[in-house]
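Visitor: I am new to this structure. Please take one part and look at it closely with me.

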Amino acid sequence: MYNGTELPDVLFEYDHLFLIDVLHHVPVAQQAAFLKQIYAKMRPGSKLILKDIDAARLVWCSFNKLHDLMLSGEIGHEWTFARALTECQRIGFELVGSQKKRTLVYPHYTLELVKR
Ligand SMILES: C[S@@+](CC[C@H](N)C(=O)[O-])C[C@H]1O[C@@H](n2cnc3c(N)ncnc32)[C@H](O)[C@@H]1O
């Protein structure tokens, strides 16, 4: 169970972790630390699949902001694909795959990342 601050140690038991449309909901000041904590809890050799909205696709990204504003009352803090990749590599992740794909009005990137 996640208490909002400390991610559970059980992450160490998984081969694959999925973070889908969560990162842009995390407060800006905590986003990098959130990813760092995931990395720290992961087992070497395990994978993180990080999928989120690509802020570089400005017009499409604004549909996601509108969606979040209507459904959760907040504006998302989306990163660009390039920023997500840079931050993850800085943390120590190795990129083994990536994809950019828009579904309806939602422009997603997906990073397939390994902790070595
Ligand atoms: C669009 S939903 C994504 C759901 C997710 N893909 C799943 O399968 O559960 C956004 C999620 O971000 C979570 N969230 C919002 N703020 C967060 C925060 N500060 N830290 C971690 N998760 C957060 C919400 O609880 C919600 O489940």
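Visitor: What covers the buried residues of α1?

Guide: A word first: this is a predicted model. The cover over the buried residues of α1 includes β1, β2 and α3.

Start with the helix itself. The buried residues in α1 are Gln 31, Phe 34, Leu 35, Gln 37, Ile 38, Tyr 39 and Lys 41. In general, an α-helix has 3.6 residues a turn, so residues three or four places apart point the same way.

Take Gln 37 from that list. Gln 37 sits in helix α1. Its relative accessibility is 18%, and the cut-off for buried is under 20%, so Gln 37 counts as buried. Setting aside neighbours within four places in sequence, Gln 37 is in contact with Thr 5, Glu 6 and Leu 7. One of these contacts is polar: the side chain of Gln 37 reaches the backbone oxygen of Thr 5 at 3.1 Å.

Now Leu 35 and Ile 38. Both belong to the largest nonpolar core, which has 23 residues. They are among the members that touch the most others, along with Leu 48, Leu 50, Phe 93, Tyr 109 and Leu 111. Several elements build this core. β1 (16–20), α1 (31–41), β2 (47–53), α3 (81–91) and β4 (106–114) each supply at least two residues. The most come from α3, with five residues.

Follow the core to Leu 50. Beyond its neighbours within four places in sequence, Leu 50 is in contact with Leu 19, Leu 23, Cys 88, Tyr 109, Thr 110, Leu 111 and Leu 113.

Tyr 109 lies in strand β4. Its relative accessible area is 0%, so Tyr 109 is buried. Again leaving out neighbours within four places, the contacts of Tyr 109 include Leu 23, Leu 50, Trp 79, Phe 81 and Ala 84. They also include Lys 51, Asp 52 and Lys 100. The C-alpha atoms of Tyr 109 and Val 26 are 17 Å apart, with these positions 83 residues apart along the chain.

Val 26 leads to the ligand. Around the ligand are Tyr 2, Ile 20, Asp 21, Val 22, His 25, Val 26, Pro 27 and Phe 34. Phe 34 ties this site back to α1, where it is one of the buried residues. The shell divides into six nonpolar residues, one polar and one charged. A backbone N or O atom of Ile 20 is 2.7 Å from a nitrogen atom of the ligand. On its own, the ligand has 590 Å² of accessible area, and the protein covers 44% of it.

Technical notes:
Residues are numbered from 1 along each chain as its sequence is written. This is a predicted model: local features need pLDDT of at least 70, side-chain atom pairs count only at pLDDT 80 or more; totals for chains, interfaces and linings use all residues. Side-chain values use heavy atoms; hydrogens and water are left out. A nonpolar core is a set of buried Ala, Val, Leu, Ile, Met, Phe, Trp, Tyr and Cys residues joined through side-chain atoms within 4.5 Å. Buried means under 20% relative accessible area, exposed over 50%, partly exposed in between (1.4 Å probe, protein chains only). Helices (H or I, at least four residues) and strands (E, at least two) are DSSP runs, numbered from the N terminus. Contact means heavy atoms within 4.5 Å. A residue is near a molecule or strand if one of its heavy atoms lies within 4 Å of it. A polar contact is a pair of N or O atoms within 3.5 Å; within protein, one must be able to donate a hydrogen and the other to accept it, and residues adjacent in sequence count only if both atoms are side-chain atoms. Accessible areas come from the Shrake-Rupley method with a 1.4 Å probe; for residues, only the protein chains shown count as cover. Ala, Val, Leu, Ile, Met, Phe, Trp, Tyr, Cys and Pro count as nonpolar, Asp, Glu, Lys and Arg as charged, and the others, Gly among them, as polar.
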